Amino acid sequence: MEPGIVLRVIVILTGVFLLFVTLSSLAKRRMTEPFVLTWGLISVIIVLGGILLRPTEWNRYISGTGMLLVGMISFCVIFGTYFISARVSELMRKNMELAMQLSLMKQESDEMKEQLAKLTEAMGKREADL
């Protein structure tokens, strides 16, 4: 098998795997929708790049070992950015939950203040009557 075909198959499989991982992280609620859409678009572009680009005679410019090194670096960059995206999504989700909890606590606090004001008013009237 020619090295160009092997490279195309690797790129296509990488894109499909990235799309699968992205969709599964959406299903498991690890990532928010904007990040999933972005990663889905990136994975589709990678798949299309593997299908449409034909790397002929690339081995004339870069050796097999060099290509392996480029592949490992690419994997690390993709994994790193995906990991950061997942963490930012998680932090965004936690921030949203904390904002909702804070809003509920403020509402409860306002209700308690109103009840306290009513009780102190009632106690003041009761003491005045005595």
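This is a short walk through a predicted model, from its surface patch to its aromatic pairs and its salt bridges.

Let us start on the outside. Leu-19, Leu-23, Val-44, Leu-48, Ile-51 and Leu-52 together make a nonpolar surface patch of about 510 Å². Two helices share the work: H1, running over 3-27, and H2, running over 33-52, each give the patch at least two residues. Helix H2 has the largest share, with 4 residues. One of the patch members to look for is Val-44, which sits in helix H2. Its relative accessibility is 38%, so Val-44 counts as partly exposed.

Stay with helix H2 for a moment and turn to the aromatic residues. The structure holds 3 aromatic pairs. In one of them, Trp-39 meets Tyr-82 edge-to-face, with 5.5 Å from centre to centre and 75 degrees between the planes. Because Trp-39 belongs to helix H2 and Tyr-82 to helix H3 (residues 64-129), this pair ties together parts that are 43 residues apart in sequence. Both Trp-39 and Tyr-82 are buried.

Another aromatic pair, Phe-75 with Phe-79, is stacked: the centres are 6.1 Å apart and the planes differ by 15 degrees. Here both partners lie in helix H3, 4 residues apart, which is about one turn of the helix. Phe-75 has a relative accessible area of 56%, so this residue is exposed. If you look a little further, you can find Phe-83 as well: Phe-75, Phe-79 and Phe-83 form one aromatic cluster.

Now follow helix H3 to its charged residues. The structure holds 3 salt bridges. Glu-90 takes part in a bridge with Arg-87, where the closest N and O atoms are 2.8 Å apart. These two residues are 3 residues apart in helix H3, so about one helical turn separates them. Glu-90 also pairs with Lys-94, with 3.3 Å between the closest N and O atoms. Lys-94 and Glu-90 are 4 residues apart in helix H3, again about one turn. In this way Arg-87, Glu-90 and Lys-94 are linked in a network of salt bridges. Each member is partly exposed: Glu-90 has a relative accessible area of 31%, Arg-87 has 39% and Lys-94 has 42%.

One more bridge awaits in helix H3. Lys-125 forms a salt bridge with Glu-121, the closest N and O atoms lying 3.9 Å apart. These partners are 4 residues apart in helix H3, so they too are separated by about one helical turn. With a relative accessible area of 52%, Lys-125 is exposed.

Key. Residues are numbered from 1 along each chain as its sequence is written. This is a predicted model: local features need pLDDT of at least 70, side-chain atom pairs count only at pLDDT 80 or more; totals for chains, interfaces and linings use all residues. Side-chain values use heavy atoms; hydrogens and water are left out. Patches are made of residues with over 30% relative accessible area and no salt bridge: like charges are joined within 9 Å, nonpolar side chains (Val, Leu, Ile, Met, Phe, Trp, Tyr) within 5 Å. Accessible areas come from the Shrake-Rupley method with a 1.4 Å probe; for residues, only the protein chains shown count as cover. A salt bridge is a side-chain nitrogen of Lys or Arg within 4 Å of a carboxyl oxygen of Asp or Glu. Buried means under 20% relative accessible area, exposed over 50%, partly exposed in between (1.4 Å probe, protein chains only). Rings of Phe, Tyr and Trp (its six-membered ring) pair if their centres lie within 6.5 Å; planes under 30 degrees apart count as stacked, over 60 as edge-to-face and the rest as tilted.
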